[in-house]
Amino acid sequence: MKTIADNRQSKKWISFGTLVLGAGTIYKLGCLKDAFYVPMQEFMGLSHTQIGTAMSVAGLISTFGFLISIYLTDRVSKKVMIPMSLMGIGLLGIGLSTFPPYWLFLLINCGLAVCADMLYWPTMLKTVRLLGSEEEQGRMFGIMEAGRGLVDTVIAFGALGVFALLGSNAASLKAAILFYSAVPMVIGIIAYFLLEPDEIKAVNAAGEKVSRNKAAMDNVMLALKNRNIWLVSFNVFSVYCVYCGLTYFIPFLTQIYFLPATAVGMYGIINQYGLKMVGGPIGGFMSDKVHKSSAKHIRAGFVVCIIAMALFLMVPHESLGQGGNWIIGAACTLAFGAIVFTMRAVFFAPMDEVRVPKEITGAAMSLASLVIYLPNAFAYVMYGSFLDRYPGMAGFRIVFSVMIGWAVIGVGVSTFLIHRIKKCQAAAKAE
């Protein structure tokens, strides 16, 4: 006979598995460029700058969405928020499959950002943090990233298979987009039946009974006043600025190393999704078992990124590219991406290290997401404009140099964060 503890564990992993499925599909349409960057340019008539602008406009909408989610995540149950966001993604994807004019393409991307960033992502982060103990945070988020990477890869290869099977033309791209639309809608239905409803506590910090609206607003104010939340957020902001640059390894390999057209989609999937399966468990293990701190692991990752990219800039890429050595270029860029993904896997784990109260987890995760994903509002259009203004290797050298600059800033912020963590730990021991 199952004990109460067994039932609790079963519900924990059912919820976790459902969140992994959703996390692996929620961004597929918004990040269509990851596997179909070149087909989007060819069949949808989009330039580097237009794709970058669409990502940045969606990023601005995400910023406002995260502001609203600071209130919503502690006010609305995940049983409502998760299925609603997944169904919304699917419906918007159907519109995207019509290859709409650019202004409508922008609006659809904004809608995708609302569903993914305002409704789904902070709710998922809140749930994952509350599912794991303080000692499990690195592993829980690492497993989430790895599981998400597995789902990402399977779904992306499925779409790529549809694209190739139907002739790698405009019609097959539409079919791939429809495939990306159907999957989250199915998962949304599953989530509605499997997820447990949240218990929304209508009490303030003093334990007094208040309305749900008042309780949610109190959590918002507590999160906004918490300096540690801001510090964790700006630390990971630098990670995300570096991460945004990974997108441009695809045009880099295509233009400089003459990556075969048949390998472009596969590389994009491995670069953006497959590496999560590697980086997730490694990042979680390194944080919990080696560095004993997610913040220390992120700082070490920044240092490795600086050294690796500096060495990469010294390589004579034009000569290697003309020699047809695209496998070398692909291996080097994937290795760099793997480093970034070990850092990305434990983005939010430092929240426990700085003792953010669990009662304001929803507001804290939303506020952190607001800051962390802010680069979506400017990084892609910045990187894309460099490539359009400075064709060839010159533009890529600028992009890679800027990535190094963000990593240097990250080392400084990480060092300060580690200092704050030591203070928090000392204060906790003194109590």
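**Close-up 1. Helix α7 and the nonpolar patch.** Helix α7 (residues 170-194) is the biggest giver to the nonpolar surface patch, putting in three residues. This is a predicted model, where local features need pLDDT of at least 70, side-chain atom pairs count only at pLDDT 80 or more, and totals for chains, interfaces and linings use all residues. The patch covers about 320 Å² and is built from I14, V186, I190 and L194. Patch residues have over 30% relative accessible area and no salt bridge, with nonpolar side chains (Val, Leu, Ile, Met, Phe, Trp, Tyr) joined within 5 Å and like charges within 9 Å. V186 sits in helix α7, and it counts as partly exposed because its relative accessibility is 48% (buried is under 20%, exposed over 50%, partly exposed in between, with a 1.4 Å probe and protein chains only).

**Close-up 2. The K28–D152 salt bridge.** Here the side chains of K28 and D152 meet, 2.3 Å from N to O. The pair ties together distant parts of the chain, 124 residues apart: K28 is in the loop between α1 (4-23) and α2 (33-44), and D152 is in helix α6 (residues 137-165). A salt bridge means a side-chain nitrogen of Lys or Arg within 4 Å of a carboxyl oxygen of Asp or Glu, and the structure holds one. K28 is buried, at 1% relative accessibility, and D152 is buried too, at 2%. Residues are numbered from 1 along each chain as its sequence is written, and side-chain values use heavy atoms, leaving out hydrogens and water.

**Close-up 3. Helices α12 and α13, by confidence.** Among the chain's elements, helix α12 (residues 294-314) has the highest mean pLDDT, 94, and helix α13 (residues 317-322) the lowest, 73. pLDDT is the predictor's confidence in each residue, from 0 to 100.

Key:
Helices (H or I, at least four residues) and strands (E, at least two) are DSSP runs, numbered from the N terminus. Accessible areas come from the Shrake-Rupley method with a 1.4 Å probe; for residues, only the protein chains shown count as cover.
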